[in-house]
Amino acid sequence: MKLQLPQLYFSKLMRAITEFELIEDGDRILIGVSGGKDSIFLAYAMAMMRKRLKKDFELMALTINPMFSQDFDTKRIGEFMAELEIPFASFEVDIAGTIEAQQGKDPCYTCAFFRRGAVNRYAVEQGCNKVAYAHHHDDAVETFFMSLLYSGQLHTFTPKTYLDKTDLTVIRPLVYFREQEIREAIQYHGFAPVPSPCPHDGHTVRQKVKELIRDMSKDNPQLYPHLAAAMREDALGELWPPVKTRKEMKKQYYEYMYGKQEMKD
């Protein structure tokens with residue numbers, strides 16, 4: 001297979017890889033492949049970079065079948081990985097049954113938790129030191145906004161994350177790609193994405209946030225770039241100090257109320 005992408009795409013890959021030092025000599029990288037547009041593009045891009053970079057690293061790919069559907073086409077994914085010359089494996093993890101047993105708890109959290117656990121275990125078993133996921137720029141911005149709205153925290157995933165419990169490093173080479181660019185990349189790699197088997201697809205909190213950003217951007221075209229800028233550590237302006245506990249405020253309270261130190265019991 002001829003591996004080729006436009007210069008803009010190559011530049012975005014190189015920017016992420018270079019800025020965050022994602023790939024090194026001797027790396028053995030496991031790519032998490034769901035069969036969707038993002039992970040398929042990641043596998044294609046990583047196979048291309050394996051040929052173009054002056055780094056000696058290996059690639060592997062793994063698909064987790066969450067058992068949502070009997071029609072999940074892992075065979076076609078495996079055939080495409082073979083074209084990319086990426087060793088491929090797939091196995092089932094009963095995430096569907098686990099979600100059902102959770103009785104109403106967040107299905108996305110449960111799915112991600114068990115999927116990551118399965119991928120990490122396999123990576124360690126195969127002697128990999130890195131795991132690559134296909135999270136893109138829109139994912140990062142949506143995660144940041146979602147965290148603010150639903151947890152009151154300023155948080156998103158990072159392009160490179162070390163997991164001390166497993167001694168694995170998670171890398172996200174697509175962090176500078178917009179989702180639409182990845183959607184359009186199908187014309188370059190030619191793989192029609194495998195439909196998501198998830199029954200919750202399109203009905204998640206993330207989807208609500210995605211639509212909120214889209215709708216708000218109609219009145220404020222700078223919303224998305226402003227959110228993206230706010231994700232950076234140097235974007236913090238003046239914020240309130242952390243909330244003090246009653247114990248921490250006890251001394252000041254007595255001084256304000258009685259003009260002296262706290263009364264002894």
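This report walks through a predicted model of one protein chain, from its overall build to selected residues.

## The chain as a whole

The protein chain has 265 residues, and 41% of them count as buried. Its secondary structure comes to 11 helices and 6 strands. Along its principal axes, the C-alpha trace spans about 80 × 45 × 45 Å.

Contacts across the sequence carry much of the picture. Take the contacts in the chain with a separation of 6 or more: residues 24 or more positions apart account for 76% of them.

The accessible surface comes to about 16,200 Å². Carbon and sulfur atoms hold 52% of that surface. The chain has 35 positive and 37 negative side chains. The centres of these two sets lie 4 Å apart.

## Aromatic pairs

The structure holds 9 aromatic pairs. Two of them are described here, beginning with tyrosine 9 and phenylalanine 41. Their ring centres are 6.0 Å apart and their planes stand at 80°, over the 60 degrees that marks an edge-to-face pair, so this pair is edge-to-face. The pair links distant parts of the chain. Tyrosine 9 belongs to helix H1 (residues 7-19), phenylalanine 41 to helix H2 (residues 37-52), and 32 residues separate them.

Are these two residues buried or exposed? Tyrosine 9 has a relative accessible area of 6%, so this residue is buried. Phenylalanine 41 is buried as well, at 0%.

The second pair joins phenylalanine 91 and tyrosine 122. Here the ring centres lie 5.9 Å apart with the planes at 50°, so the pair is tilted. This pair also links distant parts of the chain. Phenylalanine 91 is in strand S3 (residues 88-92) and tyrosine 122 in helix H5 (residues 107-125), 31 residues apart.

The burial of the two partners can be read from their values. Phenylalanine 91 counts as partly exposed because its relative accessibility is 30%, between the 20% and 50% limits. Tyrosine 122, with a relative accessible area of 13%, is buried.

Aromatic rings also gather in a group. Tyr9, Phe41, Phe177 and Tyr188 form one aromatic cluster. The edge-to-face pair of tyrosine 9 and phenylalanine 41 is thus joined in that cluster by Phe177 and Tyr188.

## Charges over rings

Two arginines place their charged ends over aromatic rings, as the table shows.

| Charged residue | Ring | Distance from ring centre |
|---|---|---|
| Arginine 15 | Tyrosine 176 | 3.9 Å |
| Arginine 52 | Phenylalanine 10 | 3.9 Å |

## Phenylalanine 91 and its surroundings

Phenylalanine 91 sits in strand S3. Which residues does phenylalanine 91 touch, not counting those up to four places away in sequence? They are Leu62, Thr63, Ile64, Asn65, Ala118 and Tyr122. Tyr122 is the partner in the tilted pair. Isoleucine 64 is 27 residues away along the chain, yet the two C-alpha atoms are separated by 5.6 Å.

## A buried glutamate

Glutamate 142 has its place in helix H6 (residues 137-151). Its relative accessible area is 4%, under the 20% limit, so glutamate 142 is buried. Leaving aside neighbours within four places in sequence, glutamate 142 is in contact with Arg206, Val209, Lys210 and Ile213.

## Three loop residues

Glycine 26 is found in the loop between H1 and strand S1 (28-32). At 60% relative accessibility, glycine 26 counts as exposed. Still, glycine 26 touches Asp56 and Asn129, not counting residues up to four places away in sequence. Leucine 42 lies 16 residues from glycine 26 in sequence and 20 Å away in space, C-alpha to C-alpha.

Glutamate 85 is in the loop between helix H3 (74-83) and S3. This residue has a positive phi of about 60°, although it is not a glycine. Glutamate 85 counts as exposed, because its relative accessibility of 56% is over 50%.

Where is aspartate 167 found? Its loop runs between strand S5 (160-163) and strand S6 (168-171). Phi of aspartate 167 is near 60°, a positive value in a residue other than glycine.

Notes:
Residues are numbered from 1 along each chain as its sequence is written. This is a predicted model: local features need pLDDT of at least 70, side-chain atom pairs count only at pLDDT 80 or more; totals for chains, interfaces and linings use all residues. Side-chain values use heavy atoms; hydrogens and water are left out. Rings of Phe, Tyr and Trp (its six-membered ring) pair if their centres lie within 6.5 Å; planes under 30 degrees apart count as stacked, over 60 as edge-to-face and the rest as tilted. Helices (H or I, at least four residues) and strands (E, at least two) are DSSP runs, numbered from the N terminus. Buried means under 20% relative accessible area, exposed over 50%, partly exposed in between (1.4 Å probe, protein chains only). A charge sits over a ring if NZ of Lys or CZ of Arg is within 6 Å of the ring centre and within 35 degrees of the ring normal. Contact means heavy atoms within 4.5 Å. Accessible areas come from the Shrake-Rupley method with a 1.4 Å probe; for residues, only the protein chains shown count as cover. Lys and Arg count as positive and Asp and Glu as negative; His and the chain ends are not counted. The place of a charge is taken as NZ of Lys, CZ of Arg, CG of Asp or CD of Glu.
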